[in-house]
Amino acid sequence: MHGVNLPPLGRELPAAQPGFRWPSVGVVVPNNERIATLQETLVSVVNQDYSGVVNCYLVYRSRPGILPLLESLGNSIIAVAAADIPSRNPISVKRNIGVSATSEELVALVDDDGLWHPDKLRIQVECLFRESTAVAVGTKYLLFRDSPRWRPLPARPGTCDLHGVSGVRRGGLVTSSLLIHGAVMRDLRFDERPDWMGVEDFDLKIRLGSIGCVRRVEAHLTAMRVGNLSTSATDRPLQHSRALSVLAAASSTDRRISLRIAALETMTCAAFAGA
């Protein structure tokens, strides 16, 4: 693991301290097919109780059904059309277009089937600068079908620091919960290779964990809709194979990963023998 020089974001003090400047946030939302859930996602972003500047970058596949939604968007949402490229992962491409469009100090990610608690960004920023500065901060998440049932929030949510690749892997962070230093995210970006579709998030989290501390807020501030898994995500043998590929790529910087590759290979063979 190696360190990273993080850009200064005003005074790195808890938000309650005088002189704290709320950093700007660029929110990246990739969209391929969904429309109804996308609208709910965008509303949850726009309705954040956050005093800093928040710009939302919607990167979508152009199609007739999305035009009425685009026409209803406010000035806080920047819509960018993106064509699918057959030789690349379409979600990674859209995410990277959105990330490249940002100039904000922090970058947040949310998929078009995810929802945010209204206090998510505010609490994350407060926790990001609590004690030592982390490279990124995620949250716990809950699952829902129709609408999320948010749990009561503590006055001061606790945090858990996830160090290194192993810590990030065990942290249970969904991509839609991540808030990342903008310069770091613009440097890392998502891997666009098509054979990593469905595990590009896994790869990003591994690389984040390899350069710095990833903090988790011990509160459920992100909600994910159940029943929206992609075809690739439901193909378990394929996903295990892709996960092995990601771990193998990361093993050059963390020798301990080779042991996890062996363990995952054993688990895969046991689970899918004869399939």
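**Architecture and packing of the predicted chain**

Among contacts in the chain between residues at least 6 apart in sequence, 80% join residues at least 24 apart. The model is predicted. The chain holds 10 helices and nine strands. Of its 275 residues, 51% are buried. The accessible surface amounts to about 12800 Å². Carbon and sulfur atoms account for 53% of that area.

The largest nonpolar core comprises 33 residues. Val25, Val27, Val29, Leu58, Leu121 and Leu179 have the most contacts inside this core. Several helices and strands each supply at least two of its residues. The strands are E1 (25-31), E2 (54-60), E4 (106-109) and E9 (214-225). The helices are H1 (36-46), H2 (67-72) and H4 (120-128). H4 gives the most, with five residues. Apart from this core lies another, of 18 residues. Val28, Val107, Val135 and Ala136 are among the members of that second core.

Leu179 illustrates the packing in detail. Residues up to four places away in sequence are not counted here. Leucine 179 touches Val25, Leu106, Val107, Ala108 and Leu121, among others. Its further contacts are Gln124, Val125, Ala136 and Val137.

Serine 177 sits in the loop between helix H5 (164-170) and strand E8 (179-181). Its relative accessibility is 0%, so serine 177 counts as buried. The serine 177 side chain reaches the backbone oxygen of valine 174 at 2.8 Å. Neighbours within four places in sequence are again left aside for the remaining contacts. Serine 177 is in contact with Leu109, Lys120, Gln124 and Val137, and also with Gly138, Thr139 and Thr222.

Helix H3 spans residues 90-101 and has 12 residues. From first C-alpha to last, H3 reaches 17 Å, close to the 16 Å expected at 1.5 Å a residue. At the N-terminal end, asparagine 89 caps the helix. A side-chain oxygen of asparagine 89 lies 3.1 Å from the backbone nitrogen of isoleucine 91. The buried residues of H3 are Pro90, Ser92, Val93, Lys94, Arg95, Asn96, Gly98 and Val99. They pack against E1, E2, helix H6 (182-188) and H7. An α-helix has 3.6 residues a turn, so residues three or four places apart point the same way.

Helix H7, residues 200-211, also has 12 residues. Its C-alpha span, first to last, is 17 Å, close to the expected 16 Å. H7 is mostly covered, with 10 of its 12 residues buried. The buried set includes the charged residues Glu200, Asp201, Asp203 and Lys205. Leu204, Ile206, Leu208, Gly209, Ser210 and Ile211 are buried too. Isoleucine 206 lies in this helix. At 4% relative accessibility, isoleucine 206 falls under the 20% cut-off and therefore counts as buried. Isoleucine 206 and glycine 164 are 42 residues apart in sequence. In space, their C-alpha atoms are 8.0 Å apart.

The loop between H6 and H7 contains arginine 189. Phi of arginine 189 is near 60°, a positive value in a residue other than glycine. Most residues other than glycine have a negative phi. Arginine 189 has a relative accessible area of 27%, so this residue is partly exposed. Arginine 216, by contrast, is buried, at 14% relative accessibility. This second arginine lies in strand E9. The side chain of arginine 216 makes a polar contact with the side chain of glutamate 218, at 2.6 Å.

The cysteines complete the description. The count of disulfides comes to zero. Cysteine 56 is buried, at 2% relative accessibility. Cysteine 160 is in no disulfide. The nearest cysteine sulfur to that of cysteine 160 belongs to cysteine 213 and is 8.7 Å away. A disulfide would require the two sulfur atoms to be within 2.5 Å. Cysteine 160 has a relative accessible area of 26% and is therefore partly exposed.

Terms used:
Residues numbered from 1 in each chain as written. Predicted model: local features only at pLDDT ≥ 70, side-chain atom pairs only at ≥ 80, totals over all residues. Heavy atoms only, no water. Core = buried A, V, L, I, M, F, W, Y, C linked by side-chain atoms within 4.5 Å. Buried < 20%, exposed > 50% of the residue type's maximum accessible area, 1.4 Å probe, protein only. Helix = DSSP H or I, 4+ residues; strand = E, 2+ residues; numbered from the N terminus. Contact = heavy atoms within 4.5 Å. Expected span 1.5 Å × (residues − 1). Polar contact = N/O pair within 3.5 Å; in protein donor to acceptor, adjacent residues only side chain to side chain. Areas by Shrake-Rupley, 256 points an atom, 1.4 Å probe, with all protein chains shown as cover.
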